[in-house]
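Q: I am new to this structure and would like a close look at a single part, the place where the two chains meet. Could you take me through it with care, one residue at a time?

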2 protein chains.
Amino acid sequence: MSQVESSRAASLEGEAKQPVTGAYDLAIDAMGGDHAPESVLDGLELAAERHPKARFLLVGDESRLTPLLAKRARAAKACALRHAPDVVSGDMKPTAALRMRQSSMRVAIDAVAAGEAAGVVSAGNTGALMALGKIVVKTLPEIDRPALAAIGPSARGDVVLLDLGANIACDARNLVEFAVMGDAFARAVLGLPNPSIGLMNVGSEELKGDERVRLAADMLKVSPLAANFHGFVEGHDITSGTVDVVVTDGFTGNVALKTGEGALKLVAGLLKQVFTSSLMAKLGYLLAKPALDRLREWMDPRRYNGAVLIGLNGLLVKSHGGTDALGFAHAVDVAMDMVTHRVNDRIREGLAAMPSRNPAAPASLTTE
Amino acid sequence: MSQVESSRAASLEGEAKQPVTGAYDLAIDAMGGDHAPESVLDGLELAAERHPKARFLLVGDESRLTPLLAKRARAAKACALRHAPDVVSGDMKPTAALRMRQSSMRVAIDAVAAGEAAGVVSAGNTGALMALGKIVVKTLPEIDRPALAAIGPSARGDVVLLDLGANIACDARNLVEFAVMGDAFARAVLGLPNPSIGLMNVGSEELKGDERVRLAADMLKVSPLAANFHGFVEGHDITSGTVDVVVTDGFTGNVALKTGEGALKLVAGLLKQVFTSSLMAKLGYLLAKPALDRLREWMDPRRYNGAVLIGLNGLLVKSHGGTDALGFAHAVDVAMDMVTHRVNDRIREGLAAMPSRNPAAPASLTTE
């Protein structure tokens with residue numbers, strides 16, 4: 001049975017032990033994404049099983065959502081429904097999305113800004129979500145700019161990469177703050193007690209790169225993160241797993257992420273051609289299939305779904321617009337990990353300990 | 001029989017039809033690279049077969065090179081030997097390499113600067129090669145900065161990527177000049193009559209990115225390249241083959257190249273694990289081996305060996321330091337393509353036709 005807004009009191013009871021201040025762990029934008037709302041609700045059905053104590057505020061068109069929830073017992077139990085009549089379309093400009101006060105995305109984000117939920121998950125328009133997040137939820141007072149972070153595969157376990165495009169131009173201070181946020185992210189989502197951190201550059205030698213990355217490296221070397229700071233890393237270090245967290249500006253991070261994804265897609269396409277190119281190859285594929293399936297599962301982009309706009313007074317998790325239930329459930333996993341581990345408290349502690357907070361720090365630390 | 005310096009007159013005869021001004025097509029740094037000079041000479045043996053009319057000036061330690069040449073009939077016939085006693089080591093700083101006047105790299109580059117050879121191929125220290133190139137061979141008077149360019153695989157044929165790290169910071173003018181150079185490169189090395197050009201950004205919409213890429217796009221849209229200018233591309237467009245030439249700054253290009261290579265290496269390693277994980281998988285591999293071998297051959301990094309520092313008064317081709325004879329021969333192929341197609345003349349023509357050459361162009365076109 002689905003619960004509408006009036007069931008909020010009951011939901012408060014059920015999650016008394018959850019470390020959140022509001023009534024809900026997460027607000028869910030039910031209408032964002034290519035296959036919404038069905039894929040979102042199927043994802044919540046999976047997520048409710050994985051997080052039995054979690055409480056979700058499901059935001060969207062009530063008349064469409066009520067019958068869909070009725071068919072999904074676990075999701076119905078975990079969710080309270082809040083009506084929002086409008087939808088931010090995939091091609092809507094952020095400025096237009098900001099003017100739309102009754103969209104599912106906006107109402108969900110409003111719930112985070114009001115302290116009702118610790119975070120939001122949306123598979124909707126990325127630009128709109130980031131703009132709404134920054135303007136409605138607002139940036140943590142301790143930091144200059146939030147960053148988009150996500151995890152990806154490496155030869156030695158998962159790796160956190162940030163910024164993935166929230167900030168096109170970044171100065172040394174931004175990069176240092178990204179390192180603090182990446183550290184908190186890796187502790188919460190990857191469960192690493194001491195994640196190692198690398199700063200992206202065009203070479204590993206100290207003299208490589210521009211003034212900005214060299215200054216950021218100098219700042220990290222005298223920071224509380226110094227023991228885990230590996231120094232400069234290069235593009236190939238992302239997938240080789242040299243470090244747990246790779247820090248870079250939003251332009252470079254966005255290009256690196258998409259280039260890596262593109263390279264994997266190229267090989268996947270070529271392998272498909274290879275294994276259908278002859279009868280022998282097809283037979284070979286069938287014999288190797290169980291092993292190849294493990295590889296496919298390991299590389300499955302759904303396993304890495306859920307980019308986090310980190311550094312706001314609440315958590316914003318962006319699910320891929322084209323993902324299915326499994327992918328959406330993973331984005332919810334990422335959000336729940338961050339809520340449970342109080343990532344924002346960790347970030348605030350990390351930033352408070354940074355020497356750049358010292359008012360005596362030279363002004364050049366914040367120049368590009 | 002190998003020819004020493006005195007054989008130069010004879011060599012001039014043999015290449016009368018080659019479109020170069022000097023006595024040699026290429027000067028070859030025989031001592032650069034992890035497996036030099038053997039891999040270099042084996043590479044030249046292959047190259048001499050592919051380019052029967054080519055004349056090479058082989059520069060390095062005469063006492064080591066003479067017996068090696070004696071065992072390689074084709075290379076010996078194509079090469080004249082010039083002695084250089086010193087070697088630029090892999091970890092030498094560019095400033096130190098600049099002070100070393102008798103290194104094989106320096107003497108080879110001096111031959112280009114003197115007009116004896118149209119270009120140089122070296123598998124030695126990248127930083128030293130680029131510094132020597134810029135200072136000794138010098139940048140074309142028409143352009144601001146040279147760029148490092150190379151080709152890579154895509155789903156729709158090879159793609160040219162530049163800059164790969166010669167310039168960490170680039171302004172709009174540099175990006176436009178890279179487009180002109182990439183166009184000339186693609187015509188010469190890929191043999192494309194009308195290569196399409198994309199400008200790297202974090203999204204394909206016109207408003208994405210920073211002022212620099214938007215300004216470069218505006219300049220390209222009113223240039224003679226406009227008909228072939230595709231607009232903005234993203235990281236995944238490199239391997240999907242959306243365009244033939246991808247233009248970006250040296251920081252982003254370097255990270256993108258290495259990230260893509262890293263992703264391919266990750267999959268190659270995982271596939272190896274898959275095909276040795278069980279008896280069935282091993283059997284499957286054997287059946288699919290002919291098809292997989294074609295994939296391996298297609299992805300072979302040696303096929304893409306040879307990054308060109310383009311925009312100098314001569315061609316500088318950097319072969320990967322760890323490559324073998326096949327890879328070195330490919331770097332020679334790239335250099336020969338550029339010499340034969342007079343890439344520098346094409347670049348000069350392309351730049352002369354750019355509207356930014358117009359003195360009435362606003363000063364802002366050259367700001368970052």
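A: What follows goes from the relation between the two chains to the rings and charges where they meet, and ends with a strand inside one chain.

This is a predicted model, and a good starting point is how its copies are arranged. Chain B is superposed on chain A by a rotation of 180 degrees with 0.0 Å of shift along the axis, and the RMSD of that superposition is 0.0 Å. The two copies are therefore related as by a two-fold rotation axis. In chain B, the C-alpha nearest to this axis belongs to Gly284(B), at a distance of 1.8 Å. Both copies use the same surface, since 100% of the contact residues of chain B recur in chain A.

The aromatic rings come next. Over all chains, a search of the whole structure finds 3 aromatic pairs. In one of them, the rings of Phe275(A) and Phe275(B) have centres 6.4 Å apart and planes at 50 degrees, so this pair counts as tilted. Because Phe275(A) lies in helix α11 of chain A, residues 250-275, and Phe275(B) lies in helix α11 of chain B, also residues 250-275, the pair joins two chains. Phe275(A) and Phe275(B) are both buried.

Phe275(B) also forms a tilted aromatic pair with Tyr285(B), with 5.3 Å from centre to centre and 45 degrees between the planes. Here the link is between distant parts of the chain, for Phe275(B) is in helix α11 of chain B and Tyr285(B), 10 residues apart from it, is in helix α12 of chain B, residues 279-299. The two residues differ in how they are covered: Phe275(B) has a relative accessibility of 7% and so counts as buried, whereas Tyr285(B), with a relative accessible area of 21%, is partly exposed. Taken together, Phe275(A), Tyr285(A), Phe275(B) and Tyr285(B) make up one aromatic cluster.

Charged residues also reach from one chain to the other. The charged end of Arg212(A) sits over the ring of Phe251(B), 5.7 Å from the ring centre, and the charged end of Arg212(B) sits over the ring of Phe251(A), likewise 5.7 Å from the centre.

Lys258(A) is another such residue, and its place is in helix α11 of chain A. With a relative accessibility of 14%, Lys258(A) counts as buried. If its neighbours within four places in sequence are left aside, Lys258(A) is in contact with Val202(B), Glu234(B), Gly235(B) and His236(B). The side chains of Lys258(A) and Glu234(B) make a polar contact at 2.3 Å. Within its own chain, Lys258(A) is 94 residues from Leu164(A) in sequence, while their C-alpha atoms are 9.4 Å apart in space.

The last element is strand β8 of chain A, residues 197-200. This strand is covered on both faces, with Ile197(A) and Leu199(A) buried on one side and Gly198(A) and Met200(A) buried on the other. In a regular strand, side chains alternate between the two faces of the sheet. β8(A) pairs in the parallel sense with strand β9 of chain A, residues 229-233, over 4 bridges, and the bridge partner of Leu199(A) in β9(A) is Phe232(A). β8(A) is also joined by 3 bridges to strand β10 of chain A, residues 245-247, and these two run parallel. In β10(A), Val247(A) is the residue that stands opposite Leu199(A).

Technical notes. Residues are numbered from 1 along each chain as its sequence is written. Chains are lettered from A and ligands numbered from 1 in the order in which they are written. This is a predicted model: local features need pLDDT of at least 70, side-chain atom pairs count only at pLDDT 80 or more; totals for chains, interfaces and linings use all residues. Side-chain values use heavy atoms; hydrogens and water are left out. Copies are superposed by least squares on the C-alpha atoms of residues with pLDDT of at least 70 in both. Contact means heavy atoms within 4.5 Å. Buried means under 20% relative accessible area, exposed over 50%, partly exposed in between (1.4 Å probe, protein chains only). Two strands pair if DSSP finds at least two bridges between them. Rings of Phe, Tyr and Trp (its six-membered ring) pair if their centres lie within 6.5 Å; planes under 30 degrees apart count as stacked, over 60 as edge-to-face and the rest as tilted. A charge sits over a ring if NZ of Lys or CZ of Arg is within 6 Å of the ring centre and within 35 degrees of the ring normal. A polar contact is a pair of N or O atoms within 3.5 Å; within protein, one must be able to donate a hydrogen and the other to accept it, and residues adjacent in sequence count only if both atoms are side-chain atoms.
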